[in-house]
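This briefing goes with a sequence and a 3D structure. Please look at both before reading on.

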Amino acid sequence: MVTTGTKNQGKIGVLIEEHFDEIEFRAFNDFFPSHGYEIEYISHLWNQEQLTFKGVELTEEVTVTVEVNDIQPTDYQGIILIGAYAMDRLRYEEYPQQGESNQSPAVKFLRKAVKAMDAGKLNIGTICHSLWLFCADPELLKNREVTCAHNIICDVKNAGGIIIFDGDGTTNLHIHGNLITAKHPNVVVEFMEVFLKAINEQKLQLATK
């Protein structure tokens, strides 16, 4: 949980696991609290009260106490999926069943988040490799316009996503409805600014309904 003295505007939930991207982690912890939003890290805790995860470069760590099974996506102003390899770990199923869709706790949470997103009640942000969690259930990604790291282009295509290109590579940032996707940690500042604008606009829209 990361906060500052700025007036509380609500919480942004960030899904995280081992081997998360540290550039994004530091940026989120600085930027969103400075604009009044509490960052709350959420994960599957495997029946533990808390788990500590290290970043991909082993220079940052975070202790998570919020179990993804115990919360609702709409408890938050927005949901972000952090990059690097964390989302691959979160789609792990202990007992996969032939012919059944992925039942990992994080994917089940994402299904609820996407439902709220499509109903206009939530913004979801992904960056770099984090669309991997969407790829665990192609129904979540089918026919959505996105951008992502070049490493996972085939994964996203195979899951039904429509990848948006700019010249010889994927575009830096793309918005499709309430889904905001970014290519790489190098564009995290632009990503955060767009995500902040989106959640502020959504709060205003919901307040005037």
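The points below go from the whole chain to single residues.

The model is a predicted one. The protein has seven helices and 13 strands. Its radius of gyration is 16 Å, close to the 17 Å from the globule rule for 209 residues, so the protein is as compact as a globular protein of that length.

**Overall size and surface**

- The C-alpha trace spans about 50 × 45 × 40 Å along its principal axes.
- Buried residues make up 53% of the 209 residues of the protein.
- The accessible surface of the protein is about 10,200 Å², and carbon and sulfur atoms contribute 46% of that surface.
- Among contacts with a separation of 6 or more, 68% are between residues 24 or more positions apart.
- The protein has 18 positive and 29 negative charges, and the mean positions of these two groups are 7 Å apart.

**Aromatic pairs**

- A pair of aromatic rings is described by the distance of the centres and the angle of the planes.
- The structure contains nine aromatic pairs.
- One of them is formed by Trp46 and Tyr92, a tilted pair with 6.3 Å from centre to centre and 45° between the planes.
- This pair links distant parts of the chain: Trp46 sits in the loop between β2 (37-43) and β3 (51-54), Tyr92 sits in the loop between α2 (86-90) and α3 (105-118), and 46 residues separate them.
- Trp46 is partly exposed because its relative accessibility is 36%, and that value falls between the limits of 20% for buried and 50% for exposed.
- Tyr92 is also partly exposed, with a relative accessible area of 48%.
- Tyr85 and Trp132 form another tilted pair, with centres 6.1 Å apart and 35° between the planes.
- Tyr85 lies in the loop between β6 (78-81) and α2, while Trp132 lies in helix α4 (residues 132-135), so the pair ties together parts 47 residues apart in sequence.
- The two residues of this pair fall into separate exposure classes: Tyr85 is partly exposed at 39% relative accessibility, whereas Trp132 is buried at 12%.
- Ring pairs also join Phe28, Phe31, Phe32, Phe191 and Phe195 into a cluster.

**Residues with positive phi**

- Most residues other than glycine have a negative phi.
- Trp46, which is not a glycine, has a positive phi of about 55°. Trp46 is the residue already met in the loop between β2 and β3.
- Leu58 is another residue other than glycine with a positive phi, in this case near 65°.
- Leu58 is located in the loop between β3 and β4 (61-64).
- Leu58 counts as exposed because its relative accessible area is 62%, and exposed means over 50%.

**Surroundings of Ile164**

- Ile164 is in the loop between β9 (162-163) and β10 (165-166).
- Ile164 counts as partly exposed, at 22% relative accessibility.
- Apart from neighbours within four places in sequence, Ile164 is in contact with Glu145, Val146, Thr147, Thr170, Thr171 and His174.
- Ile164 and Ala149 are 15 residues apart along the chain, and their C-alpha atoms are separated by 11 Å.

Terms used
Residues are numbered from 1 along each chain as its sequence is written. This is a predicted model: local features need pLDDT of at least 70, side-chain atom pairs count only at pLDDT 80 or more; totals for chains, interfaces and linings use all residues. Side-chain values use heavy atoms; hydrogens and water are left out. Helices (H or I, at least four residues) and strands (E, at least two) are DSSP runs, numbered from the N terminus. The radius of gyration is taken over C-alpha atoms; the globule rule is 2.2 Å times the number of residues to the power 0.38. Buried means under 20% relative accessible area, exposed over 50%, partly exposed in between (1.4 Å probe, protein chains only). Contact means heavy atoms within 4.5 Å. Accessible areas come from the Shrake-Rupley method with a 1.4 Å probe; for residues, only the protein chains shown count as cover. Lys and Arg count as positive and Asp and Glu as negative; His and the chain ends are not counted. The place of a charge is taken as NZ of Lys, CZ of Arg, CG of Asp or CD of Glu. Rings of Phe, Tyr and Trp (its six-membered ring) pair if their centres lie within 6.5 Å; planes under 30 degrees apart count as stacked, over 60 as edge-to-face and the rest as tilted.
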